[in-house]
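Biologist: I should be grateful for a close look at a single part of this model. Please set out how that part is built and what surrounds it.

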Amino acid sequence: LVLSDDRLARHSPRVRLALALILLASLLSPAPAVDYSAAIAVLERMQRQSGLAHASLGFAVVPVSDRESPAVQGYYPDRALVPASTMKAVITASALELLGPSFRFTTRLRHTGTVDEDGVLHGSLILQGGGDPTLGETSAPELFESWRAAVEEQGITSIEGRVIADDSLFGSQMRADGWQWIDLGNYYASGSSGLNFARNEFACRFKTGKAGTVAAFLGTEPTVPGVRIVNEMRVGPKGSGDQGYVYGAPYGQLLYLRGTVPAGEDTFTIRGALPDPASLCAQAFSEDLARAGLQVNGRSTTVRRLRMNDEEPPGPGRLILAQDSPPLEELIREVNHRSDNLYADSLHRFLGTIGEAGDGSQAAASRAVVDHWDGQGLDLAGFAMADGSGLARTNTITARQMALILHHMAQSPYSEEFRASLPVAGQSGTLRRIGANSPAAGRVRAKSGSMDRVLAYCGYVEGDSGTHHAFALLINNFTGPHRSLRPGTVSYTHLTLPTTRQRCRSRWAP
């Protein structure tokens, strides 16, 4: 594959990156000392093109077969750059190494007090969160049915106390420092709670009219208690897609709906981040118990709210039910194939609970990651980690560091689990439209990442000889229209997904 500068300039930055990956897959030789100069030369030419001339670019590549002293080659491989969602490759690798592929999050249902002969619980029910991002993901009624059955098995017919959600595992800060205001109220930036619930999100439905008019707000699913919603959503041109945003803060009581939804639709749905998912979980379960004839006398609450009111949180109580998530090896596939922020941030935060000093905070989680890779001999100068999802622009990593982490994972006992978690070019996940019908198809496994003026890829390339190479490619501060980088998809800052309406199946219907 040979492209002149003129032909290369005709393509969008995203296509140029895809061509670079294809070229890399085509050029790798079977020789012991691999010469990457031709691939690096393409990146040097790319740097001179319009839209990339003032960008910062970092590239690194290393043969997986170099086990002891891997020889990294690249183009500005030591620039500290914003990685966007390629940070998910770091957190999934870290989680595999520190927790193992069989790890599962556990949610526990407990009760305090005693149950008398009439079935009255003289105490409260405790929903003890373990950080599970899958809790209630597919169906809240099914989740509550299993919890209710466990309560009834204890002979409980009514509850004198209340339902308390213990959301304390990760502390009270659900979102990371460094997340932008435009993101905070939206589903992709829901953050991670000690008790996640139904993906920590809700749906906003609109009836669209003529372009330029206010979109009629039809309500939310589920109802978000204690929150006032101000609708400023407009109707955009037909075919303009989802340009709507929810503005609000964690635990806030006021949300604004702004932006546009497309004309020509009967109804249109966008998704927002629940201000307090643990509180909604406790309230919804309390109401579910009451509908089933199991009366709860007290008003539901959370451990965070108890502490705000200077009330003593309940003790551990008696275990009724322990509910596990799928194993880590399945979760990391969701993280890297779907670029799932909630899963990634939950894994990151759980790493912050390890050890005596682990308090579940973002800072503790990032320390655990840094300590692990420092212990593997990685030079972390320039590395900064604010979250696990990559949504924070305060995250930085060098291409060399990223490539060496991937190189390490190729030697890890968990190499197969990690490799399987990465999308395949032209076939799956966020790479399904990259490199199809090219030499890269089926031969590049990589995590992609993008946000405004950031594009990144990291993963593995299989050369013509069957040898494998770990690489990282990071570009920051390019210019050009964002829509040209994501043909045929709907974009939420860094995350490529099908349209909201396709993914917005109710988790609340029985």
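The request and its reply concern one helix and the core to which it contributes.

Biologist: Which residues of α4 are buried, and which elements join it in supplying the core?

Modeller: This is a predicted model, in which local features need pLDDT of at least 70 and side-chain atom pairs count only at pLDDT 80 or more, while totals for chains, interfaces and linings use all residues. Residues are numbered from 1 along each chain as its sequence is written, and side-chain values use heavy atoms, with hydrogens and water left out. Helices (DSSP runs of H or I, at least four residues) and strands (E, at least two) are numbered from the N terminus.

Helix α4 covers residues 87-99. Its end C-alpha atoms lie 18 Å apart, in agreement with the 18 Å expected for 13 residues at 1.5 Å a residue; the expected span is 1.5 Å times one less than the number of residues. Gly100, which follows α4, has a positive phi, near 90°.

Eleven of the 13 residues of α4 are buried, so the helix is largely enclosed by the rest of the structure. Buried means under 20% relative accessible area, with a 1.4 Å probe and protein chains only. The buried residues are Met87, Lys88, Ala89, Val90, Ile91, Thr92, Ala93, Ser94, Ala95, Leu96 and Glu97.

Val90 also belongs to the largest nonpolar core, of 47 residues, where Val90, Leu347, Trp373, Phe418 and Tyr460 touch the most other members. Such a core is a set of buried Ala, Val, Leu, Ile, Met, Phe, Trp, Tyr and Cys residues joined through side-chain atoms within 4.5 Å. At least two residues of this core come from each of α4, β1 (56-63), α9 (328-338), α10 (341-351), α11 (362-375), α12 (399-411), β20 (454-462) and β21 (468-476).

Conventions
Buried < 20%, exposed > 50% of the residue type's maximum accessible area, 1.4 Å probe, protein only.
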